[in-house]
Amino acid sequence: MQDILIKKQTANIMKNFLIKTVQEGTGIKTKIDGLEIGGKTGTANMVKNGKYQQKYMSSFFGFANDTNGHKYSIGVTVNNPINKGKHWYYYASNSAVPIFKELVMTLVKLNYLVVNK
């Protein structure tokens, strides 16, 4: 007998939440027409000796799928993102998300993912 961790319906609901994050939320900079992309951004203030530091960790964990059945899961974590003179540099949407998109574009360039036009 196979153990089922979550129902297929629940998994599809969660997948759609992740896709919506890319379609209109904090992961919108990963959007690539012709690919199914979903994910979750995260931004955290680092703690040392029980005190918050002026250092951050940002992340984007997601997936990129094409219509040919190629599916990739990618996780990006940026420790203490580089300040480019902007107060919002540390948010995942400005640090981890562009790296994720660059990785997906590399998969496209190498033909591991095919963009449906």
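User: What phi does N111 take, just after α2?
Analyst: In this predicted model, N111 has a positive phi of about 65°. The residue comes just after helix α2.

User: How do you know that the length of α2 agrees with what a helix of 14 residues should span?
Analyst: At 1.5 Å a residue, the expected span of α2 is 20 Å. The C-alpha atoms at the two ends of α2 are 20 Å apart, so the two values agree.

User: Which residues of α2 are buried?
Analyst: They are A96, V97, F100, V104, L107 and V108.

User: Why are the buried residues of α2 said to line one face of the helix?
Analyst: Looking down the axis of α2, the buried residues fall within an arc of 125°, so they line one face. An α-helix has 3.6 residues a turn, so residues three or four places apart point the same way.

User: What do the buried residues of α2 pack against?
Analyst: They pack against three strands: β1, β2 and β3 (71–79).

User: How do you know that α1 agrees with its expected span?
Analyst: Helix α1 has 17 residues, which should span 24 Å at 1.5 Å a residue. Its end C-alpha atoms are 24 Å apart, so α1 agrees with the expected value.

User: What makes one face of α1 the buried one?
Analyst: I19, T21 and V22 are buried in α1. Down the axis of α1, its buried residues lie within an arc of 145°, so they line one face. On the other side of α1, Q9 and E24 are exposed. The buried residues of α1 pack against β1 and β2.

User: Why is K8 called buried or exposed?
Analyst: K8, in helix α1, has a relative accessible area of 68%. Exposed means over 50%, so K8 counts as exposed. In space, K8 and S95 are 32 Å apart, C-alpha to C-alpha, and they are 87 residues apart in sequence.

User: Why is T30 called buried or exposed?
Analyst: Its relative accessibility is 0%. Buried means under 20%, so T30 counts as buried. T30 lies in the loop between α1 (8–24) and β1.

User: What does T30 touch, not counting residues up to four places away in sequence?
Analyst: T30 touches V22, I37, F60, V97, F100 and K101. The side chain of T30 also reaches the backbone oxygen of G27, at 2.7 Å.

User: Why does T41 count as buried or exposed?
Analyst: T41, which is found in strand β1 (residues 36–48), has 14% relative accessibility. The limit for buried is under 20%, so T41 counts as buried.

User: What makes the link between the side chains of T41 and T26 a polar contact?
Analyst: The two side chains are joined at 2.7 Å. A polar contact needs a pair of N or O atoms within 3.5 Å, so the pair of T41 and T26 qualifies. Apart from neighbours within four places in sequence, T41 is in contact with T26, G27, S59, F60, A92 and V97.

User: How many aromatic pairs does the structure hold?
Analyst: The structure holds four. One of them is the pair of F60 and F100, which is edge-to-face, with 4.7 Å centre to centre and 75° between the planes.

User: What makes F60 and F100 tie together parts that are apart in sequence?
Analyst: F60 is in strand β2 (residues 51–65) and F100 is in helix α2 (residues 96–109), so the pair ties together parts 40 residues apart in sequence. Both F60 and F100 are buried.

User: Why is the pair of Y89 and Y90 called edge-to-face?
Analyst: The angle between the planes of Y89 and Y90 is 90°. Planes over 60 degrees apart count as edge-to-face, so the pair of Y89 and Y90 takes that label. The distance is 5.4 Å centre to centre. Y89 and Y90 are buried. Both belong to one aromatic cluster, formed by Y56, Y89, Y90 and Y91.

User: What makes β1 and β2 a pair?
Analyst: They are joined in the antiparallel sense over twelve bridges. Two strands pair with at least two bridges between them, so β1 and β2 count as paired. K48 stands opposite K51 in β2. β1 and β2 form a hairpin with two residues between them, and N49 in the turn has a positive phi of about 55°.

User: In which sense do β2 and β3 pair, and over how many bridges?
Analyst: β2 and β3 are antiparallel, with nine bridges. F61 stands opposite G75 in β3. The hairpin of β2 and β3 has five residues between the strands, and G69 takes a positive phi near 90° there.

How values were computed:
Residues are numbered from 1 along each chain as its sequence is written. This is a predicted model: local features need pLDDT of at least 70, side-chain atom pairs count only at pLDDT 80 or more; totals for chains, interfaces and linings use all residues. Side-chain values use heavy atoms; hydrogens and water are left out. Helices (H or I, at least four residues) and strands (E, at least two) are DSSP runs, numbered from the N terminus. Buried means under 20% relative accessible area, exposed over 50%, partly exposed in between (1.4 Å probe, protein chains only). A polar contact is a pair of N or O atoms within 3.5 Å; within protein, one must be able to donate a hydrogen and the other to accept it, and residues adjacent in sequence count only if both atoms are side-chain atoms. Contact means heavy atoms within 4.5 Å. Rings of Phe, Tyr and Trp (its six-membered ring) pair if their centres lie within 6.5 Å; planes under 30 degrees apart count as stacked, over 60 as edge-to-face and the rest as tilted. The expected span of a helix is 1.5 Å times one less than its number of residues. The arc is that of the directions from the helix axis to the C-beta atoms.
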